[in-house]
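Load the model and keep the selection panel open. The tour goes from the whole chain to one helix, then to one residue.

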Amino acid sequence: MALDVSTPRDVLTSHAQARGGFGQVLKHEPLSAPGSGLTYAVWVGDIDPIPAASGLASTSTRVVFNGRLYLPADTEPVDDVDIQLTNAATDLMGLYTGDFTLGGSVRNIDLLGAYGTTMRARLGYLDIGSTTYRISTISIPTVFSNTMAQVA
């Protein structure tokens with residue numbers, strides 16, 4: 001039993017690359033300003049055991065991936081920044097909903113929050129270096145079956 005987060009992360013970023021419209025698609029949270037244009041990054045956020053999906057011999061796990069969209073807040077026209085982020089976020093959420101098991105790499109995406117919070121996007125601002133970014137962070141909760149053995 002093992003928890004493989006690299007395969008579902010690869011599928012999440014592949015969907016973004018296939019959608020297009022991104023200057024960069026990253027498999028990590030950027031350490032420095034990602035630059036101009038729309039950037040998307042995916043990384044692991046929370047990892048929790050799921051009591052209701054576990055048995056006496058093994059534990060199932062919920063992994064929340066963070067998918068964050070970055071767009072410089074002063075991108076012209078400024079009135080369209082939120083529209084670009086909202087469209088990109090909802091497009092990605094639709095793609096993830098359509099690939100409910102991320103190519104068979106997870107049991108399912110916990111879309112409606114059976115084991116915690118739902119898949120959702122939250123918009124905000126983030127200063128990186130000298131640039132203020134308008135961001136949308138998509139929480140993508142995934143369920144992995146039988147990831148840890150329960151041994152007495």
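Colour the chain by burial: of its 152 residues, 43% count as buried. Buried means under 20% relative accessible area, exposed over 50%, and partly exposed in between, with a 1.4 Å probe and protein chains only. This is a predicted model, where local features need pLDDT of at least 70, side-chain atom pairs count only at pLDDT 80 or more, and totals for chains, interfaces and linings use all residues. Residues are numbered from 1 along each chain as its sequence is written, and side-chain values use heavy atoms, leaving out hydrogens and water.

Switch to cartoon. The protein chain has 2 helices and 6 strands, in the order α-β-β-β-α-β-β-β. These are DSSP runs, numbered from the N terminus: helices are H or I with at least four residues, strands are E with at least two.

Now show the C-alpha trace. Along its principal axes it spans about 60 × 30 × 25 Å. The radius of gyration is 17 Å, which agrees with the value near 15 Å for a compact globule of 152 residues. That radius is taken over C-alpha atoms, and the globule rule is 2.2 Å times the number of residues to the power 0.38.

Turn on contacts (heavy atoms within 4.5 Å). Among those between residues at least 6 apart in sequence, 63% join residues at least 24 apart.

Next, the charges. There are 9 positive and 14 negative side chains, and the centres of the two sets lie 7 Å apart. Lys and Arg count as positive, Asp and Glu as negative; His and the chain ends are not counted. Each charge is placed at NZ of Lys, CZ of Arg, CG of Asp or CD of Glu.

Select residues 6–19, helix 1. Its end C-alpha atoms are 20 Å apart, which agrees with the 20 Å expected for 14 residues at 1.5 Å a residue. The expected span is 1.5 Å times one less than the number of residues. Which residues of helix 1 are buried? They are Pro-8, Val-11, Leu-12, Thr-13, His-15 and Ala-16. Their packing partners include strand 1 (24–26), helix 2 (81–98) and strand 6 (131–149). Step on to Gly-20, which follows helix 1 and has a positive phi, near 80°.

Last stop: Thr-132, in strand 6. Thr-132 is partly exposed, at 34% relative accessible area. Beyond residues up to four places away in sequence, Thr-132 touches Pro-72, Ala-73, Tyr-125, Leu-126 and Asp-127. Add Ser-58: the two are 74 residues apart in sequence and 45 Å apart in space, C-alpha to C-alpha.
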